[in-house]
Amino acid sequence: MSDPRKIMRRYQNLMVGEALSNNHHYPVACNELSSILNLGYSQLPKNLKALIFRDTLSAFRLLPDMKTSAAVSAANLLLKSVEAVLPKQKKNLAIVEFKKTKVALKRRSKSHEEDIDLPSLPQDILIHIFSFLDVSSLLSSSQVSRSWNQATCEDSLWRLQYDIHFNHKALIRIQSGVSWREAFKNAYIGDNSSKDLRSGRGYCCYCDSVVWHENLRCPNKQCRLKSDNEPLELMSTRQVANFLLGTMSSSDDESDPDDEASRGLWAFTLY
Amino acid sequence: MSEKKIVLKSSDGKTIDVAKAVALQSQTITHMVEDSCVGNEIPFENVTGQVLAKVIEYCKKHVVVDGETLTCKTVAHVIHTRTIDEIRTFFNVENDYTPRKKQ
C-alpha cells in the first residue's frame with residue numbers, strides 16, 4: 001500500500017487545483033479529477049479525499065470563466081464522476097455547486113460575448129501566430145478557412161514542430177524534395193507517444209514529477225538543461241491518474257493509449 | 001488605451017489624422033513632435049500629401065510589430081482552447097474552406 005504522505009505529495013505536485021484557473025489546462029485538469037475519482041477515490045487517505053473534493057468544487061465554480069465548449073464538456077464529465085463516486089453528503093454539496101454554476105453560465109451567455117472582428121489577417125501575421133501553436137491546434141487552424149489553411153502550409157512551421165517533437169533527430173538529413181511538413185507527418189504518425197499530446201502532461205525524470213509540459217519540455221529550466229532539451233515522455237490523463245494512485249491500468253480500458261507506450265512509463269511508478 | 005491623435009500637414013495642405021502611437025513609429029515625426037508642436041498639428045513643408053500618406057501606412061503596419069508577440073500569443077491561446085467552429089465564430093472568419101481529397 002502506498003505511503004499516504006507520498007500520495008499526498010504527488011497530488012500536490014500535480015498542481016491540478018492551480019491548473020483549473022488556466023483556460024488552457026482547465027478541461028484536462030477536470031478530466032484528471034474525473035479519472036482519479038473513477039479509478040480510486042475510495043482508496044485515498046482522508047486528507048487527500050478532502051483536497052480532491054475541494055478542487056472539484058473549484059472546478060465547478062470556475063466554469064463560467066472558461067468560455068469554451070471543451071470546458072463545459074469536461075465539467076459535465078466531472079459531474080458524472082461525482083454522482084457515481086462521492087459519498088452522499090459530498091455528492092450533494094458538489095451538485096449544488098454545479099447547479100449554481102449552470103445559472104451563472106446562463107446569465108453570461110445572455111450578454112453577447114466579446115468577439116474579435118478582425119479584418120482578414122495577412123499571411124505573415126497568421127504564420128507568426130501559428131508558430132505558437134501545438135500540432136493539434138495547427139491542424140484545427142488549417143480547417144478554419146482558405147487563408148488560414150494556406151498559412152498552415154508554411155514549411156518553416158513544420159520544421160519548428162519537428163524540432164519540438166523530435167529534437168536531436170532533426171539533425172538527420174532530410175531527404176531532398178521532402179518538405180518538413182511531410183517529414184513531420186511521417187515521423188509523427190509512426191510515433192506512439194504522440195497520442196498523449198492533448199493531455200498537456202509529461203513525466204520529467206529530472207525533477208521526478210508529472211508536469212504541465214511547455215512545448216514538450218519541463219517548465220523548469222534546470223531540467224531542460226540537464227536533459228539537453230530532449231522532449232519529455234508524454235502521459236495520457238488515465239496514466240496521470242494511475243501514476244497518482246500507484247496502480248497499473250487494466251488492459252481493457254477503452255480510452256487507454258497504446259499499451260507499449262504505457263509499459264515504458266511504469267518505471268516511474270513508485271511504491 | 002490612450003486616444004491621443006496628431007494631425008500631420010503636408011506641403012500641399014493635406015492633413016492626416018493619426019494616433020500618436022502610430023506616428024511615433026517614425027523617428028522624424030518623433031523629433032518634430034518633440035521640437036515643434038503647434039497645438040496638435042505638425043507641418044511637413046518638404047513632404048507632399050501622397051508621400052506622407054505612404055509613411056503613415058508604413059507606421060501603421062509597424063505598430064503591430066511592437067505589440068506583435070503579445071497579441072499573437074493571445075490569439076494563439078484563443079485558438080488552442082477552442083474547436084474549429086468556435087475559432088471561426090470568435091474571429092468572425094468565413095468558412096470558405098473545402099477540404100481536398102484526403103492524402
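A residue counts as buried when its relative accessible area is under 20%. Phe130(A) has 0% relative accessibility and is therefore buried. The model is predicted.

**Chain A**

Chain A has 271 residues, of which 45% count as buried. Its secondary structure consists of 14 helices and 3 strands. The exposed area of chain A is about 14,400 Å², with 52% supplied by carbon and sulfur atoms. If contacts in chain A are restricted to residues at least 6 apart in sequence, 60% of them join residues at least 24 apart.

Phe130(A) lies in helix α7 of chain A, which covers residues 123–130. Beyond its neighbours within four places in sequence, Phe130(A) is in contact with Leu138(A), Ser141(A), Trp148(A), Ala151(A), Thr152(A) and Leu157(A), and also with Ile79(B) of the other chain. For Leu157(A), 27 residues away along the chain, the C-alpha atom is separated from that of Phe130(A) by 7.4 Å.

**The interface of chain B and chain A**

The size of an interface is often expressed as the accessible area lost when the parts come together. The table collects the values for this pair of chains.

| Item | Value |
|---|---|
| Area buried between chain B and chain A | about 2,700 Å² |
| Part of that area on carbon and sulfur atoms | 60% |
| Residues of chain B in contact with chain A | 28 residues |
| Residues of chain A in contact with chain B | 32 residues |

On the chain B side, His80(B), Phe90(B) and Tyr97(B) lose the most area to chain A, and together they make up 23% of what that side buries. Across the interface there are 8 residue pairs in polar contact, counting pairs with both residues at pLDDT 80 or more. The rule for salt bridges finds 0 across this interface.

Helices α4 (68–80) and α5 of chain B each supply at least two residues to the side that touches chain A. The most comes from α4(B), with 9 residues. By residue class, the side of chain B that touches chain A divides into 11 nonpolar, 10 polar and 7 charged residues.

**Helix α5 of chain B**

Helix α5 of chain B spans residues 84–91. Its buried residues are Glu86(B), Ile87(B), Arg88(B), Phe90(B) and Phe91(B). Phe90(B) is also one of the residues that lose the most area to chain A. Just after α5(B), Asn92(B) has a positive phi of about 55°.

Technical notes:
Residues numbered from 1 in each chain as written. Chains lettered and ligands numbered in written order. Predicted model: local features only at pLDDT ≥ 70, side-chain atom pairs only at ≥ 80, totals over all residues. Heavy atoms only, no water. Buried < 20%, exposed > 50% of the residue type's maximum accessible area, 1.4 Å probe, protein only. Helix = DSSP H or I, 4+ residues; strand = E, 2+ residues; numbered from the N terminus. Contact = heavy atoms within 4.5 Å. Buried area = accessible area lost by both parts, 1.4 Å probe. Salt bridge = Lys/Arg side-chain N within 4 Å of Asp/Glu carboxyl O. Polar contact = N/O pair within 3.5 Å; in protein donor to acceptor, adjacent residues only side chain to side chain. Nonpolar A, V, L, I, M, F, W, Y, C, P; charged D, E, K, R; others polar. Areas by Shrake-Rupley, 256 points an atom, 1.4 Å probe, with all protein chains shown as cover.
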